[in-house]
Amino acid sequence: MSDLRELYQQTIIDHNRKPRNFHPMPNADHHAKGHNPLCGDRLELYLKIDGQRITDASFTGAGCAISTASASMMTEALKGRTLDEAKAIYQKFHTLLTTPLHEPVTIDGLDKLEVFSGVREFPVRVKCATLAWHTFEAAVKDDQHEAKTE
Ligand code: ZN
C-alpha cells in the first residue's frame, strides 16, 4: 500500500507539473467545459472522434494538482480507444474511486489510472479526479452545458 501511495504522489506531481496534451484544439469535433465547484477546478476538453474511435484528445484549464493530473492521464488513456472502450474505462475508474478504503480493489485494464486509488484516502478529492471524466461524457454528447461534479 505504501508503494502505491508513493507512486500515486509521484504520478500526480509529475502530471501536474507537465500535463500531457495540454493545449486547445481548434479543429476538435467535440468539446465541453467542466467545473468542480467544490474545489474550483475548471477545464475544457477537446476530442477528435473518427467514427467510433477517439483519435485525439487535449485539454486546457486551471485546477488543483489532482484534477490536472487526472485530465492529463485521461487524455493519454483515451487516445486510440473506441467510445465503448473509453466508457468501460470510465466505469472502472469510477468503481475504483468509490470503493471504500478498507476494501481491497483490483481492477484490470486501468493500467496507470490505477494509482488514483490513492484518492480514496481523501474523499473530498474524488470529484477532482472524476471531473475530467464527467467532462468527457459531456463532450461525447456535445452537451453545451457545463459539466458539473455536483
Ligand atoms: Zn480539485
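A disulfide, for this search, is a pair of cysteine sulfur atoms within 2.5 Å. I searched the whole structure on that basis and found zero disulfides. The structure is a predicted model.

**Confidence**

I looked up the pLDDT before reading any geometry. The chain has a mean of 92, and 99% of its residues reach 70 or more. I noted that confidence is highest in strand E3 (residues 53-62), at 98, and lowest in E4, at a mean of 86.

**Zinc site**

Which protein atoms are the donors of the zinc ion? I listed Cys-39 (SG), Asp-41 (OD), Asp-41 (OD), Cys-64 (SG) and Cys-128 (SG). Their distances from the zinc ion run from 2.2 to 2.6 Å. Written along the sequence, the donor residues follow the spacing C-x1-D-x22-C-x63-C.

I then checked the accessibility of each donor residue. Is Asp-41 buried or exposed? Asp-41 has a relative accessible area of 0%, so I entered it as buried. Cys-128, at 1%, is also buried. Cys-64 comes out at 17%; because the cut-off for buried is under 20%, Cys-64 is entered as buried too. Cys-39, at 35%, is partly exposed, since that class lies between 20% and 50%.

**Strands E1, E2 and E4**

Next I followed the strands around Asp-41. E1 (residues 30-36) and E2 (residues 41-50) pair in the antiparallel sense, and I recorded seven bridges between them. Asn-36 stands opposite Asp-41, which is one of the zinc donors. Four residues lie between the two strands of this hairpin, and there Gly-40 takes a positive phi near 95°.

I also looked for what E1 pairs with apart from E2. E1 runs parallel to E4 (residues 147-148), with two bridges joining them. In that pairing, His-35 has Lys-148 as its bridge partner. As for cover, five of the seven residues of E1 are buried, which I entered as mostly covered.

**Helix H2**

I moved on to H2, residues 65-78. Its 14 residues reach 20 Å from the first C-alpha to the last, close to the 20 Å expected at 1.5 Å a residue. How many residues of H2 are buried? I counted twelve of 14, so the helix is mostly covered, given that buried means under 20% relative accessible area. Among the buried residues are Ile-66, Met-73, Met-74 and Leu-78, and also Ser-67, Ser-70 and Ser-72. Just after H2, I found Gly-80 with a positive phi of about 90°.

Conventions:
Residues are numbered from 1 along each chain as its sequence is written. This is a predicted model: local features need pLDDT of at least 70, side-chain atom pairs count only at pLDDT 80 or more; totals for chains, interfaces and linings use all residues. Side-chain values use heavy atoms; hydrogens and water are left out. Donors are N, O and S atoms within 2.8 Å of the metal (3.2 Å for Na, K and Ca); water is not among the atoms, so sites may look incomplete. Buried means under 20% relative accessible area, exposed over 50%, partly exposed in between (1.4 Å probe, protein chains only). Two strands pair if DSSP finds at least two bridges between them. pLDDT is the predictor's confidence in each residue, from 0 to 100. The expected span of a helix is 1.5 Å times one less than its number of residues.
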